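This briefing introduces a protein model to a reader who is new to structural description. Please keep the sequence and the three-dimensional view at hand while reading.

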Amino acid sequence: MPKNTEPLVLGIDLGGTKILTAVVNPQGKILSQDYCPTPAQDYPALVQCILKSANRALKQAGIGASGLTAVGIGAAGLSDPEKGILFTSPHLPQCRDVPLGDDIAQGLGVKTYVTNDASAAALGEFYFGAGRGAHNFIYITISTGIGGGIIIDDRLYTGSSGTAGEVGHMTIDANGPPCRCGNKGCWEALASGSALAKEARRKISQGAQTAILDYADGNIDKVTAETIQQAAERGDALAEELIARTGYYFGIGLANLINIFNPELIIIGGGLSNMGDRLLKPAFRVAEERSFRQTCQKVRFARAELGANSGVLGAAAYALQSTKK
Ligand SMILES: [Zn+2]
């Protein structure tokens, strides 16, 4: 077996349904990876599951834990990156103020860093994807929710207690629809895939004429962003209007971020970004209309490049950055 002398890291993408673990080299090459379903039981079961998956990935890569310089974990929700504590995670109800970083570090014998999944993805794009060479940019993931990460002067900005970058919960409409965070009118409550589907269901239940239902087996509960996109591709007027409306709200949030951060680049990832121009054209138009001209002219928009690996590669990037402190 060839001896690996590179400083390798282990990235762990802790999702609500699955856990992805990968051994990654400093160039972002995945040397091995493992996947396991997220256990629904208590927190100790989750820790055991992560450790088992990590050990399988290490074995596959032909190294022991001593061959790692650090472990990075990206999880949805709020965490304290300094202490490695996961405060809350929307998809992991068993995790509340849990010392995830310490528990994994103890199990593997390697220093472990925990951060938000979207922040990790931002750092992944910075090291290995569309953000290479940029110094100040915002990464936004738009799917069922909206998440983000902020890179300032080549580093992930985590804020004073580690929870910065929750762009999805900036208020866009003070009297807007309720958000799962408890606030109302958040960006996520107006411009995400779930907001889009919810608005479509509202319109359909009011009797709007549309082909959207045809793509949802005639069942209003099965209306999703995907079925709306399918209908839009066939020229359905309501589907097109709903996506343009989502783009409009998406653009308002972009304008806010552009004015506040003056980024050189905004990277957009997540399932909804696949809607392309139908969503992004109105978004960019509104962003341009509502932000300072000089500031907006500096911004380049790019699609995220890491795709399904953005979670593990982001977590790996977070481990890499953390060891360089
Ligand atoms: Zn919210």
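**Helix packing and a metal site**

In this predicted model, helix α1 (residues 43-61) and helix α2 (residues 100-108) have axes that come within 10 Å and cross at roughly 45 degrees. Two packed helices are described by the angle between their axes and the distance between the axes. The points below apply that description to three pairs of helices and then turn to a zinc ion.

**Helices α1 and α2**

- The crossing angle of roughly 45 degrees makes α1 oblique to α2, because angles under 35 degrees count as roughly parallel and 65 to 115 as roughly perpendicular.
- The two helices, α1 and α2, form a right-handed crossing.
- On the α1 side, the residues that meet α2 are Y43, V47, I50, L51, A54, N55 and L58.
- On the α2 side, their partners are L100, D103, I104, G107 and L108.
- By character, the residues of this contact of α1 with α2 comprise nine nonpolar, two polar and one charged.

**Helices α5 and α7**

- Helix α5 (residues 193-205) packs with α7 at an angle of about 140 degrees, and their axes are 10 Å apart.
- This angle makes α5 oblique to α7, because an angle has to be over 145 degrees to count as roughly antiparallel.
- The crossing in which α5 passes α7 is right-handed.
- The contact involves L196, E199, A200 and K203 from α5, together with L238, E241, L242, I243, R245 and T246 from α7.
- Five nonpolar, one polar and four charged residues make up the contact of α5 with α7.

**Helices α6 and α7**

- Helix α6 (residues 225-233) packs with helix α7 (residues 237-261) at an angle of about 120 degrees, and the axes lie 7 Å apart.
- The arrangement makes α6 oblique to α7, because roughly perpendicular covers only 65 to 115 degrees.
- Here α6 passes α7 in a left-handed crossing.
- Residues I228, Q229, A231 and A232 of α6 make the contact with A239, E240 and I243 of α7.
- The contact of α6 with α7 consists of five nonpolar residues, one polar and one charged.

**The zinc site**

- Four residues coordinate the zinc ion at 2.0 to 2.3 Å: H169 through ND1, and C179, C181 and C186 through SG.
- The site of the zinc ion is tetrahedral, with angles of 105 to 122 degrees among its four donor atoms.
- For comparison, the ideal angle at a metal with four tetrahedral donors is 109.5 degrees.
- Along the chain, the donors of the zinc ion follow the spacing H-x9-C-x1-C-x4-C.
- H169 and C179 are 10 residues apart, and each is in the loop between β11 (155-156) and α4 (187-191).

Definitions and conventions. Residues numbered from 1 in each chain as written. Predicted model: local features only at pLDDT ≥ 70, side-chain atom pairs only at ≥ 80, totals over all residues. Heavy atoms only, no water. Axes fitted to C-alpha atoms, helices over the stretch in contact; angles between N-to-C directions. Helix = DSSP H or I, 4+ residues; strand = E, 2+ residues; numbered from the N terminus. Left-handed = near helix turned anticlockwise from the far one by under 90°. Contact = heavy atoms within 4.5 Å. Nonpolar A, V, L, I, M, F, W, Y, C, P; charged D, E, K, R; others polar. Donors = N, O, S within 2.8 Å, 3.2 Å for Na, K, Ca; no water. Tetrahedral: all angles 85-135°; square planar, octahedral: opposite > 155°, others 65-115°.
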